[in-house]
Amino acid sequence: MRYLMSGVAAAAILGACTTTEQTADAPSSSEASSASQRVVETTSPDYWGSWGIDTGHMDSEVRPGDNFFMHVSGNWFDEFELPADKTRYGAFDLLREKSEQQTRFIIEDLAAEEPPIDTAEGKVAAFYNAYMATDAIEAAGMAPAQPYLDQIAAIDSREALAGVFMSPGFSSPINGFVWVDDKNPDDYIFQMSMGGLGLPDREYYLKDDEKSVEIRAKYEELLTFLLGKAGYDDAAAKAADVLALETQLAQADWDRAVSRNPEITYNKLTRDELIAIAGDFPLATALEQLGVMGEEEFLVTEIPPTAEEIASAGLSQEDVDKLGGGMPVAFELANTAELDTWKAYLAAHMLSNFSSVLPSDIDDANFAFYGTALSGQPEQRPRWKRAVSAVSGTLGEAIGEVYVDRHFPAENKERMDELVANLRTAMHANLEDLEWMGEETRERAREKLDKFNPKIGYPVEFEGYETLEITDSAFQNSVNSAVWQMEDNLSRLNEQPDRNEWFMTPQTVNAYYNPGYNEIVFPAAILQPPFFNISADPAVNYGAIGGVIGHEMGHGFDDQGSKYNGDGVLANWWTESDRSAFDELTTALVAQYNQYCPLGEGDPCVNGRLTLGENIGDLGGLSLAYRAYQISLDANGDGVVSEDEQAPVIDGYTGDQRFFMAWAQVWRAKYRDEAKRNQLLTDPHSPPEYRVNGIVRNFDEWYEAFDVAATDELYLPPEERIRIW
Ligand SMILES: [Zn+2]
């Protein structure tokens, strides 16, 4: 069983890395020497000008009003070439490169002290070394995986199948995990949802365009190869069966955009009700095995809504058509599809899941599909980078503790506290001015805003990993990690949610909002230029990290977050008329984003519904950041930025210009088409050009700052500009 955990609850500023973890190359000697010199290198220069903007890479030939994204970064796009081991590269990725190398130095330093294997430091070193030992992985061959293949081969009943579905490390059409109850966030509850597809989304199985057909053919080839490795004589026939079974699962699955509505995904069932939904599938056996049979209540995501629920959630017939049969059908398939097909499914998925710690032919084949075919990445990342990711994924907070000591100065935290406070003040001011919202809802919004819990840099307490056993076998370590994560997750059922917990490590370049805890969280690694620059011009900091802070606050008030109150409870705090005014504004934003089609005809466009929450975060976030910037300029606090309080002009740019340029600069990123296509289908974040152009064109202040004319391409007449927060 694989874990979703915080994925269900938290909204980040950037999507997860689109590349899955793969292949085996020993580090080249040049890599080894660059590491010993301890110099952090980046693919694009880590240079952000003397006051925070890399003006040397602007393209003055492009009018800001035609394409602001390219106006700010056009020359960088002309010059920069994506390295073969990357599917995307931009400011986020540059910081990830830095974090990756700093993490490597930390691991090497920890290892150099030869710490005992039962300490966190010893575990980090041993995990890394085992992962890097590709000769040992090669020599071990299929032997480490054999007990798990044997376990699958021994399945002779639906009970045994249910048992393997619920075991760590195996794929399953049914996910189970412990997470907070959205309507009672002081308690954990066991939750179930659909899962287990090998392709990134149901759309990949259901669409009939050329590209989708080609991807499915390549996926079937991968399944054939993996089943051959698992010892199947009829691998091709079995692969076809597995693909057909996954296609049935995909048909039963739910559309991502429609599933954003918690009113249809929050379904509390008693144990008897849940077991009834599973029909003849021996779910009780599975729950027993997990030790959750004693639970009285469960949350289940994909339960087909009743006519009443459809009406109350405001779903159209078109929406309803995108909801498959859900969990009841998943259970039915688990119970009725050929046992042999499920066994082949489990074997192929298990080898794919653990491919990075199996011999290179498996690792390479898995990369050829998930890396190259699906994401357009020509070459695998160097082994050490993958090792760093793997260690961080397993023992991340042990590294994070050292990372914070080395790379996060105390004054950064102080400055961030100040910025967050200013953003909060700005939102209070914005709430005063909102014309579409009535007084009653406004008061509730203020309450929610006051209850935001900001977390900056790193957790108060780091994870200890006492019960995680690390060995000299990379495969065993990956299995142990899956087991540890599952046990850690299940043990929560006996605990109260810990609001001090973090769901990203300090060395992660990202940020998130978690509605159940009403918290905005900024790991140390994102608090660097070009996002946060302690010596940069204030306009730049407000446009960059200010926008990021505002984005996370905006999630508290987006299409999903606004359905949770200040205590993190999924409960309505809106009057009916205010909710419909909000829906009208967000529907207009959906329509704006639906028009954006970066890949051209026949390929997917931006899905305005799927990306709505992130787009509200960006639009609201930049609006809060702008207001906060204006408040910061108003030295005497009279509510007006007078002539002598105006920001200075720097290198010919006004404060307002620098503010918007900073927002554009943080989103500067180049993509491969395959990766962008994948993002359009699966990622709730819009591609970066629309996070810039799609946002600024709704700001009156941007039109003024850059003299945007009605004839410019991004021009929107004032009545079509949307302001939500
Ligand atoms: Zn976000």
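**Glu 114**

I started with Glu 114, which sits in the loop between helix 4 (91-112) and helix 5 (120-132). A reminder to myself before going on: this is a predicted model. I looked up the backbone of Glu 114 and found a positive phi of about 45°, although the residue is not a glycine. Most residues other than glycine have a negative phi, so I wrote this one down. I then checked accessibility: Glu 114 comes out at 68%, so I have it as exposed.

**Asp 651**

I went looking for another positive phi and stopped at Asp 651. Its phi is near 50°, again in a residue other than glycine. Asp 651 belongs to the loop between helix 26 (612-633) and helix 27 (655-666). I have it down as exposed, because its relative accessible area is 57% and the cut-off is over 50%.

**Pro 529 and Pro 530**

Next I went through the peptide bonds. Most peptide bonds are trans, but the one joining Pro 529 and Pro 530 is cis, with omega about 10°. I placed Pro 530 in the loop between strand 9 and helix 24 (538-555).

**Asn 518**

I stayed with strand 9 and looked at what precedes it. Asn 518 is in the loop between strand 8 (512-514) and strand 9 (519-523). Is Asn 518 buried or exposed? I get 0% relative accessibility, so it counts as buried.

What does its side chain reach? I found the backbone oxygen of Gly 566 at 3.2 Å and the backbone oxygen of Lys 451 at 3.4 Å. Leaving out residues up to four places away in sequence, I listed Lys 448, Lys 451, Phe 452, Asn 453, Tyr 513 and Gly 566 as the residues that Asn 518 touches. Lys 451 and Gly 566 thus turn up among the contacts as well as at the side chain's polar partners.

**Thr 471**

Another loop residue I looked up is Thr 471, between strand 7 (453-457) and helix 23 (474-490). A polar atom of its side chain lies 3.0 Å from the backbone nitrogen of Ser 473. Beyond four places in sequence, Thr 471 touches Ala 126, Ala 130, Gln 476, Asn 477 and Asn 480.

**Leu 161**

I picked a helix residue next. Leu 161 is part of helix 8 (residues 158-165), and I count it as buried because its relative accessibility is 0%. Which residues does Leu 161 contact, once neighbours within four places are left aside? I noted Ile 155, Ala 334, Leu 339, Trp 342 and Leu 346. I also checked a long-range pair: Leu 161 and Asn 335 are 174 residues apart along the chain, yet their C-alpha atoms are separated by 9.1 Å.

**The disulfide**

How many disulfides does the structure hold? I found one. It is formed by Cys 597 and Cys 605, with the sulfur atoms 2.0 Å apart. I worked out the torsion about the S-S bond as about 95°, so I call the disulfide right-handed. I looked up both ends for accessibility. Cys 597 has 34% relative accessibility and therefore counts as partly exposed. Cys 605, at 27%, is partly exposed too.

**Cavities**

I then turned to empty space. Rolling a probe the size of a water molecule over the atoms shows where such space is left. Searching the whole structure, I got four cavities of 30 Å³ or more.

I opened up the second largest, which holds about 50 Å³. Its lining is made of Tyr 148, Pro 168, Gly 169, Phe 170, Met 350, Phe 354, Val 479 and Ala 482. I sorted that lining by class and got seven nonpolar residues, one polar and no charged. Gly counts as polar in this sorting, so the polar one is Gly 169.

**Second largest pocket**

Last, I looked at the second largest pocket, with a volume of about 830 Å³. I counted 31 lining residues, of which Asn 261, Glu 263, Ala 313, Lys 563 and Asp 583 are the closest to the pocket's centre. The elements giving two or more residues to this lining are helix 12 (262-265), helix 15 (307-312) and helix 25 (576-594). Which element gives the most? I have helix 25 for that, with seven residues. By class, I noted 13 nonpolar, seven polar and eleven charged residues in the pocket's lining, whereas the lining of the second largest cavity has no charged residues.

Technical notes. Residues numbered from 1 in each chain as written. Predicted model: local features only at pLDDT ≥ 70, side-chain atom pairs only at ≥ 80, totals over all residues. Heavy atoms only, no water. Helix = DSSP H or I, 4+ residues; strand = E, 2+ residues; numbered from the N terminus. Polar contact = N/O pair within 3.5 Å; in protein donor to acceptor, adjacent residues only side chain to side chain. Contact = heavy atoms within 4.5 Å. Disulfide = S-S within 2.5 Å. Buried < 20%, exposed > 50% of the residue type's maximum accessible area, 1.4 Å probe, protein only. 1 Å grid on protein atoms, 1.4 Å probe; cavity = no way out; pocket = protein on both sides within 12 Å on 5 of 7 lines; lining within 4 Å. Points joined across faces, edges and corners; volume = space filled by probe spheres on them.
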